[in-house]
Amino acid sequence: MIWDHEQNFARELARRVVEKPRLTIWRVLFPPLLMYHYLKLREYRTDLESFAKGVVRSKTLAMESALEETTTGKKDVTYKNASGVQDLESAPGQIRLRNAQVAEVELLKAHYLKLLRSQGSSYQALIKKTYKTSGEYRRFLTKLAQAEDAVQKEVLHQLQTSTTAQVVSLKMRETAKILRDEEVKLFFG
């Protein structure tokens, strides 16, 4: 249930952030342009899938670690090696990015551990049982948004410095907030 929710959230976020190519009258009237539209639709589907996979990357690491701890009863920290930074002395920006990613995964992992220790017939029931009130759940979502923002800030500073990347990042953060607000209303009324 937890993993299905995270994947559905990522797909919906991707659907709202990644722009779908529009079918114009010119593309209908001229077959070569219609083929172009078909190719753009295929790219769009690939972009949606890639975007969603990127969104759930930290969630995957956190979920796997939480499941490992739940199963074995031993603390798991293998997610800390997932960033791949080798030479930490020569890459201070990479250290900041790695630290932000680790902080996000740790926050998510703590959340998943709470949910895995609860019982419920649906994801909504797990959330309500774990967080009790909408305020408590919103506090977690605020911390999650802050952790995600810290990662995005470092990614934009280190890897994606273009204006387009910044616009997409802003749209992604705004859309995630809207989706999470809708979720809180749905879960807690």
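**View 1. Y131 and Y137, two buried tyrosines in a predicted model.** Y131 and Y137 are both buried. Buried means under 20% relative accessible area, exposed means over 50%, and partly exposed lies in between (1.4 Å probe, protein chains only). This is a predicted model: local features need pLDDT of at least 70, side-chain atom pairs count only at pLDDT 80 or more, and totals for chains, interfaces and linings use all residues. Residues are numbered from 1 along each chain as its sequence is written, and side-chain values use heavy atoms, with hydrogens and water left out. The whole structure contains 6 aromatic pairs. The ring centres of Y131 and Y137 lie 5.2 Å apart, with planes at 50°, so this pair is tilted. Rings of Phe, Tyr and Trp (its six-membered ring) pair if their centres lie within 6.5 Å; planes under 30 degrees apart are stacked, over 60 edge-to-face, and the rest tilted.

**View 2. Y137 and F140, a ring pair within helix α6.** Y137 is buried, as is F140. Their ring centres are 6.3 Å apart and their planes meet at 25°, so the pair is stacked. Both residues sit in helix α6 (residues 134–158). They are 3 residues apart, about one turn of the helix. Helices (H or I, at least four residues) and strands (E, at least two) are DSSP runs, numbered from the N terminus. Ring pairs join Y137 and F140 with Y123, Y131, F187 and F188 in a cluster.

**View 3. E182 and R16, a salt bridge between helices α7 and α1.** The structure holds 11 salt bridges. A salt bridge is a side-chain nitrogen of Lys or Arg within 4 Å of a carboxyl oxygen of Asp or Glu. Side chains of opposite charge can pair when their charged atoms come close. For E182 and R16, the closest N and O atoms are 3.5 Å apart. E182 belongs to helix α7 (residues 163–188) and R16 to helix α1 (residues 2–17), so the pair ties together parts 166 residues apart in sequence. E182 is partly exposed, at 40% relative accessibility. R16 is also partly exposed, with a relative accessible area of 31%.

**View 4. R138 and D181, a salt bridge between helices α6 and α7.** The closest N and O atoms of R138 and D181 are 3.1 Å apart. R138 is in helix α6 and D181 in helix α7, so the bridge ties together parts 43 residues apart in sequence. R138 has 33% relative accessibility and counts as partly exposed. D181 is partly exposed too, with a relative accessible area of 23%.

**View 5. D149 and R173, another salt bridge, and a shared-partner network.** D149 pairs with R173, their closest N and O atoms being 3.5 Å apart. D149 lies in helix α6 and R173 in helix α7, 24 residues apart, so that distant parts of the chain are linked. D149 is partly exposed at 33% relative accessibility. R173 is partly exposed, with a relative accessible area of 32%. Elsewhere, salt bridges that share partners join E12, R15, R16 and E182 into one network.

**View 6. M35, Y38 and L39, a nonpolar surface patch.** Together these residues have about 310 Å² of accessible area. Areas come from the Shrake-Rupley method with a 1.4 Å probe; for residues, only the protein chains shown count as cover. Patches are made of residues with over 30% relative accessible area and no salt bridge: like charges are joined within 9 Å, nonpolar side chains (Val, Leu, Ile, Met, Phe, Trp, Tyr) within 5 Å. Y38 is found in helix α3 (residues 31–72). Y38 counts as partly exposed, at 42% relative accessibility.
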